[in-house]
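Q: I am new to this structure and would like to learn how to read its helices and sheets, one feature at a time. Could you go through them with me?

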Amino acid sequence: MAEWLRPRHMNEALRLLAELPADHHQIISGGTDVMVAQQLRAPRDIAVWLDLSAIPELKMVEVTAEGIRIGAGVTLSVLRRHPEVQKHWPMLAASAAVTGAAPIQNRATLGGNLCNASPAADNAPVLLAYGARLEIAGPNGTRFLPYDQFHLGYRQTALAAHELLQAIHVPYLPGGSRAYYRKVGTRAAQAIAKVGIAAWIHFDAGQGIIAARFGLASVAATPCLLPRVSHYLEGNNLKHVCEFTIREKVSSDIKPVDDIRSTAEYRLEVASRLVWEAIHDAH
Ligand SMILES: Cc1cc2nc3c(=O)[nH]c(=O)nc-3n(C[C@H](O)[C@H](O)[C@H](O)COP(=O)(O)OP(=O)(O)OC[C@H]3O[C@@H](n4cnc5c(N)ncnc54)[C@H](O)[C@@H]3O)c2cc1C
């Protein structure tokens, strides 16, 4: 019979984690990914469960002068309804609202969505686009990591063995920026993304593009940014932006694959069109 540990504080969780058997424990937050993996996908021999759901520090949402700090254990239901999130980070409210359906959102946490490290995670492209930073707690203290350095490969993250994700920091966008979020799936609800996009673009008073950032899901082994697209757009003018060049840049930024949900060709086509739509919609 596996042991179930439910620490009440972050320090207690870190102390327990440091003592656990290396390959026979499982961290669990909302459990909506790990329970499916354990029951259906890839059952493992788990001796100890480390349940993070009773740690108040992980449930906090704080608005600061720089942005918002969201505890890793905040559920997607809380996020989608949070008035500050809706006002200043609407893409995050939107992505939380399309991650599974209400019963999943009531348990699923933002930290779990990132640490599960699926390339299709709905909130990942949003946090990439916003330029989020992760607060990671470990036995030697806390470190901060830009979120775009977190995903090292397919389902691999930069978390070390005895570390936990504590919070996600999301900065305000530059004033006047316009955001765009869209998830393309088989259905409008309860579908894993074939392509997900989050973008924001900062125009000058006319059609000049000052800054542009795009996060994508389901188009590579990890959620990813589009650095070549951003480089092409920044300093350019909307009237000189060419759809063909956008497609070229997108195809050099992403590495889509064929899988049960879609084909690489479809994903490239849709990603290119969504980038084009995002730019024009934002203007
Ligand atoms: C029916 C159904 C529909 C779904 N639909 C979607 C969807 O549309 N879009 C989507 O993106 N996902 C979807 N999911 C997947 C899942 O619900 C989300 O990824 C969810 O956000 C996971 O959060 P959780 O708290 O349940 O994670 P858990 O299952 O508890 O954990 C996931 C992973 O993260 C690790 N982890 C969790 N918290 C921490 C932490 N603080 N520090 C370190 N590691 C941690 C765990 O060890 C585990 O490896 C769906 C799942 C189901 C069952």
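Q: In which handedness of crossing does H10 pass H11?
A: In this predicted model, helix H10 passes helix H11 in a right-handed crossing. H10 covers residues 243-253 and H11 covers residues 264-282, and the two pack with their axes 9 Å apart, at an angle of about 125°. An angle that is neither under 35 degrees, nor over 145, nor from 65 to 115 counts as oblique, and H10 and H11 are therefore oblique to each other.

Q: Which residues of H10 and H11 meet?
A: On the side of H10, the residues are Glu243, Ile246, Arg247, Val250 and Ser251, and they meet Leu268, Glu269, Ala271, Ser272, Val275, Trp276 and Ile279 in H11. Sorted by character, the residues of this contact divide into 7 nonpolar, 2 polar and 3 charged.

Q: Turning to the sheets, what is the order of the strands in the open sheet of 5 strands?
A: A sheet is read by following its strands from neighbour to neighbour, and here the order is E4-E5-E10-E6-E7, with antiparallel pairing. The edge strands are E4 (61-63) and E7 (141-146), each of which pairs on one side only. When direction is ignored, neighbouring strands of this sheet are turned by 20° against each other on average.

Q: How many bridges join E6 to E10?
A: Strand E6, residues 133-138, and strand E10, residues 164-171, run antiparallel and are joined by 5 bridges. To find one such position in the view, look for Ala137, which stands opposite Leu164 in E10. Helix H1, residues 10-19, packs on this sheet, where it touches E6 and E10, and its direction makes about 130° with that of E10.

Q: What is the pairing in the open sheet of 3 strands, parallel or antiparallel?
A: The pairing in this sheet is parallel, and its strands follow the order E1-E3-E2. Strands E1 (3-5) and E2 (25-28) stand at the edges with a single partner strand each, so one side of each is left without a neighbour in the sheet. Between E2 and strand E3 (residues 48-51), which run parallel, there are 4 bridges, and the bridge partner of His25 in E3 is Val48.

Q: Which strands does H1 lie across, and how does H2 run to E2?
A: H1 lies across E1, E2 and E3, and its course is at about 160° to E3. Helix H2, residues 34-41, also lies across E1, E2 and E3, but it runs at about 135° to E2.

Q: Which residues does UniProt list for "domain: FAD-binding PCMH-type"?
A: The UniProt record, an unreviewed entry, lists residues 1-175 under that name. Over residues 1-175, the chain in this model is 33% helix and 25% strand, and the end C-alpha atoms are 55 Å apart.

Definitions and conventions: Residues numbered from 1 in each chain as written. Predicted model: local features only at pLDDT ≥ 70, side-chain atom pairs only at ≥ 80, totals over all residues. Heavy atoms only, no water. Axes fitted to C-alpha atoms, helices over the stretch in contact; angles between N-to-C directions. Left-handed = near helix turned anticlockwise from the far one by under 90°. Contact = heavy atoms within 4.5 Å. Nonpolar A, V, L, I, M, F, W, Y, C, P; charged D, E, K, R; others polar. Pairing = 2+ DSSP bridges. UniProt positions renumbered as here; feature names shortened; annotations may be inferred.
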